[in-house]
Each structure stands twice: as structure tokens, then as C-alpha cells.
There are 2 protein chains.
Amino acid sequence: MSDFDRMRELQQTASTKIVLLVMDGLGGMAMRPGGLTELEAAETPNLDRIAVEGALGLSLPIAPGITPGSGPAHLSLFGYDPLHYVVGRGVLEAIGVGMQVHKGDVAARGNFCTVDSAGKIIDRRAGRIASEAAAPIVERMAQVNVPGVATEVRPVKEYRFAVVMRGPDLGAHIADTDPQQTGVEPLPARALEPGSNKAAEHFNAWIHGARQAVAGEPKANAVTLRGFSTDPALPQFPEIYGLRAACVAVYPMYKGVSRLVGMELEDVQGDMPADEFAAVARAWTRYDFFFIHIKKTDSRGEDGDFDGKVAVIESVDKALPTLLDLKPDVLAVTGDHSTPARMKTHTWHPVPFLLWAPGTVRSDDQTQFGERSCAHGGLGTFPTTQVMPQLMAHAGRLIKFGA
Amino acid sequence: MSDFDRMRELQQTASTKIVLLVMDGLGGMAMRPGGLTELEAAETPNLDRIAVEGALGLSLPIAPGITPGSGPAHLSLFGYDPLHYVVGRGVLEAIGVGMQVHKGDVAARGNFCTVDSAGKIIDRRAGRIASEAAAPIVERMAQVNVPGVATEVRPVKEYRFAVVMRGPDLGAHIADTDPQQTGVEPLPARALEPGSNKAAEHFNAWIHGARQAVAGEPKANAVTLRGFSTDPALPQFPEIYGLRAACVAVYPMYKGVSRLVGMELEDVQGDMPADEFAAVARAWTRYDFFFIHIKKTDSRGEDGDFDGKVAVIESVDKALPTLLDLKPDVLAVTGDHSTPARMKTHTWHPVPFLLWAPGTVRSDDQTQFGERSCAHGGLGTFPTTQVMPQLMAHAGRLIKFGA
């Protein structure tokens, strides 16, 4: 029996409410040996109080040593083994900029590149053209019309963009057009199985149009496409767990992943933690489960801005009473992965995890929320895919296994 | 290679003795945040002394968040992955009341229900009839004779009973007769494959007789059967580990599970921990491995009786010198799952584990046996299925893997 089948079999109805509060890239590092991490340095009286009442641990999003991308990291939090449930790169790029990818749509990641007069690639990233310069070029490509299908194109960042094609009978088994080297022409879109022939033809038509639209550019005068993929048809979170589930997030990527697993999206007015918690409060009666995503911990970590990341954590702590006043039965506070300011990037380090559940959590002896205390916590170090079963258990939503 | 194959390959003969002392439902919780658990509150000078000399950890019977039933929890302690080795519900119910289920026998869980004059179920649990009222009704059903097979029936609790049918050519692939709703008649026993046709017919004949036997009852005037199953033909513990193994238990369920894995049952005079330890002492020379089961920690936990559970733990501690005087080479003290008095039921919380093995255990820095100290113990948090390999290793009964 799969883990999901076990959840389906053991779930029971309850009136309890679960909140999963994710500070993106929460896990950190000291800037020097013996120092404090961002989370340890932050003044977090509310988190520390619930740490006393709750239990701590460390979670491993994928496996020891493996640095997760945002997609897999969130799937893992939602209980999906990220090594098994793979969302295509094209889909992740598209949902990351707010496009929708439904069943039968085909999404791809696009790169601008520079070709010489013979059409051979001389720069696979078009001189890393700035986002501001790329936007109007993407705008021109968005006008390209391919008969029989609808195409949507959006800029991502610098030389990157995303394409989604919608129409009848499209397949996504298409090889990358990026030859991964210079001195050769971009490859045509080539179907890897007959069911994708039609889509490949349409993409070649689109590439033809896009090449005309960008032909006069000094740098971004050609394109390559990679990661052709479609809606992965993931098992649906509300059905697996028997939870009416809402996503409260500001950034498109996290809304997109939540939508792929079947959560409802709730609007947020503003982009501060307090704004997101206010959105939770407005929707409180309509859901059993709230996934709240705080982006800026990760952003400051990627900036290498230790103090900035500390400040974001403190702003979450300050707004926390709004959440606690709703009296959730289970509140987990964690990250999707680590983004230590010291390393300015996602890392593989285990992620601090705090579980608070009045009456059902076994308190440990830790008194503040931080990486070192989590390493001593009562929950131990565990795979992130086990977060959801833990939340379900503490919410009284799982019956006993076996007699 | 399966874990069992590895045990078979690596085991070596030794004269060492292993004791696995299981206090049922040992894991607990504080009654309020910051308080002590049952095990932490108990005065346990003997356990604390061997905790100093040994090593502690926390074990996970099934998986994080999953609350184990008694059957799966014990299989896990014996090294059987409880998600793989599933013992049927009928078998568990039958062995729980002391019936034997051998290869070819078919066991089922029975419910009394109430039907109206049209034969339609109006109460699936017969008004939760009291155990005392149910016993004589079960007694009448036990007289029902089905030609060609022998049937045994015993009361379980309240409206529940167990049936075992014995005879030639019986199969256990039979659908539940409980329609899981009111307003309809109980279903007939229906074979799910041809090899179970004969058994289904016999069960229908038995149900017919049982219905006649209970027809005059105001509440328990009909029956439903569920969980048809037979001896799961588990790999046998003595062969897997090369251990002559004894079960010293008072309650039928635990004797039953031990018998299913091939342990010998040793009689106990009395039902106190000291009585069970005395039984171990009498049988000491005849076995390599003793599984000792203490029930009342779980019973007091289910009662919500914190102090009562503390007292049971203390009575085990007090009797412990009897065991220690036998000079076991390896002694593990643990539970099969948690039953916090605060929650009055089995729970998913990890289980305290103490490993004592003079000369082979690597002591940690913990000085008393309790949930918080176990969370800091040298053994970490580990799946319960890894208990047996650990005991085998510490008993010098496993050779090196690879050259």
C-alpha cells in the first residue's frame, strides 16, 4: 500500500483545523563558526513560546545532501515523494510566473540565445540580457500566432521565458531544442513518440514566428525551448487527506504548485505576513487546512542579507498572534528548504520544524525555535514527506492501523 | 536481500541470552505543558541505573503519525515490517480472545446488530449491548452446528465476538457481510474467488443457525461478520534469527501474535510483573530469547489513569532485579506503542527504548529512562523493525557483513 493509500484508508472526519506555515528557505547558518543562525538570532517570543509547548525536529526535504528546488520541496511538504512525483521543468517555469497548465496543455522553458549570420549559436544565454530588456522582446513573441492552438508566453528572468501551448491532441514528449553547445544551430522540436508529433509541429511553427519577431535583436535574436511537459496529474491533496485545503501565498510558483495538488487559492491583500494571516482569518471557516507561504525569508537568504532574513522572521513572529487567535488545532512552522544568507542559495541542510498542537503533541524539553534546538527536539530528524501524516495524526484525523 | 534474509545470512550461534521486555503502551505524555510523562514521573531506580549503563532511543512502530494496533506494533518489535506482513482482522480478533487460528482455518470478527421485522438493520452495534449480556447469547451461538466443519465462537467485548471455522478446503477470501449501513439486510457471505466458495457456504449456514439462536433477543437479534482471514503463514522467528524464543505474557492477544511467529508460550502463575519474571527464571535455560509482555501500562493509559500507569511502571522497576539476576546479555525495555493517559488511547508518538548490554552497548550520556531523555539518547529515533537486528548484534549473534 502506498503512503497515500494509507492516508486514504486511515483518514477520519474531524472538525479540527491544521495550519502549515512555511517560511521559504527558513533553514540558515551562522555567518562564522560559533555564531547564531538567522532563526536563532531573530527575536521570536511567540515562536519560542509555542516551541516550549510543542515539539521540534529537523526535516529532510529530499534526502541528505540533496538541495531541493522549490517545486520538489513543496511537494514533499504536501506528502508527495519528490523522487516519485516529478513535475516537468516547463510546467514549473510556467506556474512560477503565474500561468496555468491544465491537462493537455504543453509548457516549455525558453531561453533567448544569440546566433551568428549562419544561424549557429554563439551565446546560449544571449549575453544574459537584463529582465527589463527581455520584457518587450517577449511581448513581441506573444503576438506570434500558430493556427489551431493558443500560445501564451511570459518573461521569467533575464534571458528566460516560459511558453504554454493549448489546443486539441497535444503531447508533451518532445526533445529539447537547446543543443547544449555553441557552434551549432538550435534543434527543431522533435516528437519522442507519435502522440506528440502534432505538438512538435506547432512548436516548430511557433519557433519560426518567434525567430522572425526577434530577428533584429543584437543579442536575443533566437530562442531554444526545453523541458516540454504537461500537468502531471498529481493525486489530489483534498482527496488523499480528506481536507478542504487552501493556499495563502503571494508568489506565483507556490500558488501554482498548490493548484497542481488541488488546493484552493485564497486572495491576499498586500504581501506582508500580517496580510497573509489576515487572509487566513477571512477564510477560516471554509477550510480544514491552510498552507501559508512566506517568500521573503528565501529572497533575503539568496541576497546574502543575514539581517534582512532575521527581520522577515521577526515580522512573521510579530504577526503570529493573529494566527494563534484563530485557535488552530495543529500549527506547524517550518521551511521548504534552507537558504542560508551565508551561502546565498538553496542548500541541502535539514530544515527547522516546529509542531504545536494543544493536547495532542508530546512536548520536548526545547525552549526556543532554532536549528540547534531542533536538532535536539523530540521529533528527531525525519523525511519531509512525513510532515502531513504527523499533522493529520495530531489533528485527530487518522484512525489506528490494524487491530 | 530482505532484512530477514540478511538476518539468516549473518546470524551465528552464541550462548547469549536476550530479553525483550515490553510494557504495552509505555509511551506517554505530560498531562499539561511542561509536566512529566508517566515514565518520567515514575520512581524507577533500577531502570535509571541500567539507563546510565546502557543507551536510549525512540522507536517508530509503523511510521510517523501512524497509530499502531497491538498486532502490527508487536510484529514490528519482532522485526516484521507491519506494512508488509498483514495479519487479518478476523485472526487478530480470534487470537485476542485466546483462540488458535491454524493454516486452513478461517477466522472472522462478528458484530451483533439489531434488525427490524423486515430483517433490515436498524442498529449496527445492537445498542452496544454490555459484555455480560452478550456472553450467554454467544454461548447459544456456540451450539450452532454446521455439518462438515467445526466452528468455535467466543465473546470479545460488548457487541463483538469472534468465530473460527475449521475443516477441509476452506478459503478466506470472503466479503464482509456487514453492509456498513442501516436500512438494509445483512449481506450473505460471498466468496471473492472460487477457492472460498465452500467456506462462504458454510459461513452462510452458520449465520442461518446463529440467527435462529438469537431471534428472540430484543437487541442482539442478528449478526454480521467481517475480516475473514486465515493464518498469515508468517516467516518463523526462531528460524529467521536462530533463536529459541519464548513468549511470557498474560493476555491472549500477545500470546496469539507470538504463536503466529513461532514462539513457544511459557505459562505464568499470576499476572503481576514479578510473576512474569519468575516464569522467565524458570524457563531461563531452555531459550535464547524471551519476549515479556506487561499489559497493564496500556490498560491504565486507556483508562486515563496517569497515576495508575505510573504505579504499573514502578511495579516493573521493583521486580526488575529478578530479571537482572539472571544476567541476560542483552535487555531491551520498551513499549509496543504509546498510550498516554492524557489521550486515553493508543497514539502515534514514538516509543521510549532502553538497551542494556554489558560489554557491547555504547553508553550515551543519559541518566534516566524517560521520553525526553530517549529523544536525546545515543540510539536516536529509529524504526521499530530495527530493534531485533540491534538486539542480535549486541548479543554477539551477527557476523560481519562483507569482508
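## Exercises on a predicted two-copy model

Chain A has an average pLDDT (the predictor's confidence in each residue, from 0 to 100) of 96, and 100% of its residues score at least 70. This is a predicted model, where local features need pLDDT of at least 70, side-chain atom pairs count only at pLDDT 80 or more, and totals for chains, interfaces and linings use all residues. Residues are numbered from 1 along each chain as its sequence is written, while chains are lettered from A in the order in which they are written.

**Exercise 1.** Work out what rotation superposes chain A on chain B.

*Solution.* Start with the fit, done by least squares on the C-alpha atoms of residues with pLDDT of at least 70 in both copies. Chain A lands on chain B after a rotation of 123° and a shift of 0.2 Å along the axis, with an RMSD of 0.1 Å. The two copies are therefore related as by a three-fold rotation axis. Next, look along chain A: A:His376 has the C-alpha nearest the axis, at 3.7 Å.

**Exercise 2.** Find how H11(B) and H12(B) run relative to each other.

*Solution.* First, locate the helices (DSSP runs of H or I, at least four residues, numbered from the N terminus): H11 covers residues 296-303 of chain B and H12 residues 306-325. They pack at about 170°, with axes 8 Å apart. Angles over 145 degrees count as roughly antiparallel, so that is how H11(B) and H12(B) run. Finally, sort the residues in their contact (C-beta atoms, placed from the backbone, within 7 Å): 2 are nonpolar, 3 polar and 4 charged.

Note on methods. Axes are lines fitted to C-alpha atoms, for helices over the stretch in contact, and angles run from 0 to 180 degrees between N-to-C directions. Helices (H or I, at least four residues) and strands (E, at least two) are DSSP runs, numbered from the N terminus. Angles under 35 degrees count as roughly parallel, over 145 as roughly antiparallel, 65 to 115 as roughly perpendicular and the rest as oblique. Ala, Val, Leu, Ile, Met, Phe, Trp, Tyr, Cys and Pro count as nonpolar, Asp, Glu, Lys and Arg as charged, and the others, Gly among them, as polar.
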